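Trainee: Got a minute to go through a model with me? I'd like to talk strands and pockets.

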Amino acid sequence: MIVNETMLVEIVRPGTGDPVADGEVGEVVVTSFNRDYPMIRLATGDLSAVLAGRSPCGRTNLRIKGWMGRADQTTKVKGMFVHPGQVAEIARRHPELGRVRLAVSREAEQDVMTLHGECRGAPEGFGEAVAASLQAVTKLRGRVKLVEPGSLPNDGKIIADERSYG
C-alpha cells in the first residue's frame, strides 16, 4: 500500500505514541490537512509496518504492509485491566530492556503474567527490579523472563493473551 502524498502516516508503539523503526510493527497514526475534514494524529487502532525501498511500480512515497491486526490489546488479568501503556511504562523505567511483551496464561486455574524482555548481559538482580516495576505499575505480581535481543516476534503485540477457554 502506497501512502497518498497528501497524508502524513506514522507507525507508533501501541499505548505510547512513540515512533518505531522502519520495518517494526506498530499502530498507524494518520494526519490529513483536508480543509473540510482535518485529522491531526488520528490513531486508527490498526497495526502495520513501513516497507523499505521503492515500489515495483516506481512510486517513491512511503509504503506500508497493510492491515496486520488491532492495536488495542488491553487484557483483564485477575480481574484487573492491564493496558499496553503500562507495559511501555515498565520498559521506560528500565532502559536496558529492548522489545517487551507481556504474556498472560493460565496455570492451576489462575491467571499468570510473564513479562518477556529483550536484554543483553543483565546485571545481577535486574530481573527482580523489573518484577518490582511490573507489580508497581500493574498492581499485579508477575514473572520476568529475560531473553536475547531479536528473539521476540516483530508482530506489534505488547500483550499476548495465551489463555484458552473451554
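The chat below covers strand 8 and its partners, then two pockets.

Mentor: Ground rules before we start. This is a predicted model, so local features need pLDDT of at least 70, side-chain atom pairs count only at pLDDT 80 or more, and totals for chains, interfaces and linings use all residues. Residues are numbered from 1 along each chain as its sequence is written, and side-chain values use heavy atoms, with hydrogens and water left out.

Trainee: Fine. Is strand 8 buried or exposed?

Mentor: Strand 8 covers residues 100-107, and 6 of its 8 residues are buried, so the rest of the structure largely encloses it. Buried means under 20% relative accessible area with a 1.4 Å probe, protein chains only. Strands here are DSSP runs of E, at least two residues, numbered from the N terminus; helices are runs of H or I, at least four.

Trainee: Which way do strand 8 and strand 9 pair?

Mentor: Antiparallel, over 8 bridges, with strand 9 at residues 110-118. Two strands pair if DSSP finds at least two bridges between them. A103 has T114 of strand 9 as its bridge partner.

Trainee: What's in the turn of that hairpin?

Mentor: There are 2 residues between the strands, and A108 takes a positive phi near 50 degrees.

Trainee: How does strand 8 run against strand 11?

Mentor: Parallel, joined by 3 bridges, with strand 11 at residues 159-161. V104 stands opposite D161 there.

Trainee: Switching to pockets. What's the volume of the largest one?

Mentor: About 280 Å³. A pocket is an open set of points on a 1 Å grid over the protein atoms alone, where a 1.4 Å probe fits, with protein on both sides within 12 Å along at least five of seven lines; lining residues have an atom within 4 Å of a point. The volume is the space filled by probe spheres set on the points, which are joined across faces, edges and corners.

Trainee: Which residues lie nearest its centre?

Mentor: R13, A91, G98, R99 and V100, out of 23 lining residues. Helix 1 (84-93) and strand 8 each supply at least two residues of that lining. Helix 1 gives the most, with 4.

Trainee: And the second largest pocket, how many residues line it?

Mentor: The second largest pocket has 15 lining residues, with M1, V9, V28, V30 and I64 nearest its centre. Its volume is about 210 Å³.

Trainee: Where does the largest share of that lining come from?

Mentor: Strand 3, with 4 residues.

Key
Buried < 20%, exposed > 50% of the residue type's maximum accessible area, 1.4 Å probe, protein only.
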